[in-house]
Amino acid sequence: MEYYSTNHTAPVANLRKAVVKGLAEDRGLYMPEHINRMSKVFFDNMKDMSFRDIAYNVAEAFFGEDVDPDALQDLVYDTLPFDCPVVKVKDGIYSLELFHGPTLAFKDVGARFMARLLQYFIRQEGNHEQVNVLVATSGDTGSAVANGFLGVEGIHVYVLYPKGKVSPIQECQFTTLGQNITAIEVDGVFDDCQALVKNAFMDEELNRHMRLTSANSINVARFLPQAFYYFNAVAQLKQTGCDNIVVCVPSGNFGNICAALFGHEMGLPVKRFIAANNANDVFFNYLQTGRYEPKPSIQTLANAMDVGDPSNFARIYELYGKSHERITSLISGATYSDEQIKQTMRQCYAETGYVLDPHGACGYQALKELLQPGETGVFCETAHPAKFKEKVDEILGIDTPIPDRLAAFMKGTKQSVPMSKDFSDFKQFLMKE
Ligand SMILES: *Cc1c(COP(=O)(O)O)cnc(C)c1O
C-alpha cells in the first residue's frame, strides 16, 4: 500500500518509509492511498470472534500487503495481551474501557503495535544503525511509548514533556525506566515539545547525524491500530442487541477518533461520532464555523487533551475531501470547562457508582447531552482514574485504589534531562548523543 502526504507535495511512501519517517518531507501526515472495506463475512462473524482475531483481520486490511501474514499475526497478538471491554454505565450509555494495558491508557495499543512493527522493519533491513524515536507528550503518550519500546533492541526513545504540566504518576511512568529510554523535561508547554520534535525532523544536519522517527499519533503505525478496539466494541454491543451506535471520543490530538473514522470507512456500523473536548475547543469551533483556527493550548483537568492545534485534523479533513458539510453530517462536538468536568464526575459517581477520569468525563457528558432516542452511546474511557488520583480523589471525596502495575512505577527514581524550549539547545544535546 502506498501512503501520500496530506500536504500533497512529498513523494508517496511505502509502509516501511511511512513508519520509519513518521512525517512526510513536506511536513504533511501520511494517509493510506485507499481504505479497504471489510467483507460481509467478517461483519457477520464479528460478534463471535475474539478481540485478537478481530484485530488481526483489521490489521490485515491496513498492513496485509506489506507485512508477512504470520509476522503480522504475532505482532497483533503480542500487542494485545489485555482486553478492551465494554461496560454498561447506565441505560443506553457504555464505557469502552481502554485502560487495561501496561500504562493504563488507550495509547498502549498503538504504541505497542508501532514498537513491534518498527522492529520488524529494522530487522528486515539487516543494517544495525540505531533508530531514535522522538516523542512529545502531554502526559499519556510518553508513558505508553516508553513502555511499548522499553528494551526493544536497536531503538532509543527520547520523551519530551512539559515541565510541571503532567501528573506525578504520569511522569514516573517514563522518567524511571532507564535502559533505552531518555526523558527530557522541557521548560514550556506541550506545543513547545511538539515544535521541538517537528523541527528536529526537518533539520538536515541532525538527520545526517542520527536516524530519527516519531511515535506521536501522527505515525500511521500508532494511529491505525486504534481502529482494532472500535470493531471489538461494536461487536460486543451488537451481541447485546444494541443498534444505532454512537461513538464518542474524548479528543486532544484527534488520533483516536481518526482511527474510529477510518473504521467507519471500512464499513464499521456506527451511526455517527462525537468528538468531546475540554476547554481546548478548536475542533468544536471548526464544526460551528467551518474555519479551522489553531490557538495556544489551555491547561485543563483533562491534560492529555490540552492541544491547541490537533495534528490529525489534517487527516480528518483529507478523509472527507475537505468538505465541512460531510464532516458535520457525521461528527458533532462538545466542549467542557474544568468546572463542568468536575460536575460530571460527581454526578456520574452519585448516580451510577462509576468512577470517570477527567478525560472520560468529557465523553460521558457529551453522550448524556447529545444522544437521541433509539441510539446507544459508547464513550472511550481513555485512562484509568488512578492515573489522576490526586484530582479524582479530591473531586469525588474517595480514595481511588492504585492498580499494582501502576504502583510499581512509583517506586522508581526519576531521571530526566532539563531542556529549554529553544530548538538550538535541543539540537546541541542530540548532536552529542
Ligand atoms: C492522548 C489522550 C487523549 C486524546 O487522544 P487523541 O488521540 O490525542 O485525541 C484522551 N485521553 C487520554 C487519557 C489520553 O491519554
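**Group meeting: the ligand site and selected elements of a predicted model**

An oxygen atom of the ligand lies 2.8 Å from a polar backbone atom of Asn 253; a polar contact here is a pair of N or O atoms within 3.5 Å, and within protein one atom must be able to donate a hydrogen and the other to accept it, while residues adjacent in sequence count only if both atoms are side-chain atoms. I should say at once that this is a predicted model, in which local features need pLDDT of at least 70 and side-chain atom pairs count only at pLDDT 80 or more, whereas totals for chains, interfaces and linings use all residues. Residues are numbered from 1 along each chain as its sequence is written, and side-chain values use heavy atoms, with hydrogens and water left out.

Let me stay with the ligand. An oxygen atom of the ligand is also placed 3.2 Å from a polar backbone atom of Gly 255, and a nitrogen atom of the ligand is 2.8 Å from an N or O atom in the side chain of Thr 382. Taken alone, the ligand exposes 380 Å², of which the protein buries 97%; these areas come from the Shrake-Rupley method with a 1.4 Å probe, and for residues only the protein chains shown count as cover. In total, 15 residues surround the ligand, the closest being Lys 107, Asp 140, Gly 252, Asn 253 and Thr 382; a residue counts if one of its heavy atoms lies within 4 Å of the ligand.

Gly 255 leads us to Gln 226. The backbone oxygen of Gly 255 lies 3.4 Å from a polar atom of the Gln 226 side chain. Gln 226 sits in the loop between helix 10 (220-223) and helix 11 (227-239); helices (H or I, at least four residues) and strands (E, at least two) are DSSP runs, numbered from the N terminus. Is Gln 226 buried or exposed? With a relative accessible area of 1%, Gln 226 is buried, where buried means under 20%, exposed over 50%, and partly exposed in between (1.4 Å probe, protein chains only). Gln 226 touches Phe 106, Gly 255, Asn 256 and Ala 259, leaving aside residues up to four places away in sequence; such a contact means heavy atoms within 4.5 Å.

I turn next to Tyr 354, in the loop between helix 16 (338-352) and helix 17 (358-370). Tyr 354 is buried, at 12% relative accessible area. Which side chains make polar contacts with that of Tyr 354? One is Ser 95, at 2.8 Å, and another is Glu 97, at 2.7 Å. Tyr 354 and Lys 88 are 266 residues apart in sequence, yet 9.5 Å apart in space, C-alpha to C-alpha.

Now to helix 13. Its buried residues, within the range 282-289, are Val 282, Phe 283, Tyr 286 and Leu 287. They cover an arc of only 145° around the axis, which puts them on the same side of helix 13; the arc is that of the directions from the helix axis to the C-beta atoms. These buried residues pack against strand 10 (272-277), helix 14 (313-319), helix 15 (324-330) and strand 11 (331-335). Just after helix 13, Gly 290 takes a positive phi of about 80°.

I close with a backbone detail. Asn 244 has a positive phi of about 50° although it is not a glycine. Asn 244 lies in the loop between helix 11 and strand 9 (245-250), and at 37% relative accessibility it counts as partly exposed.
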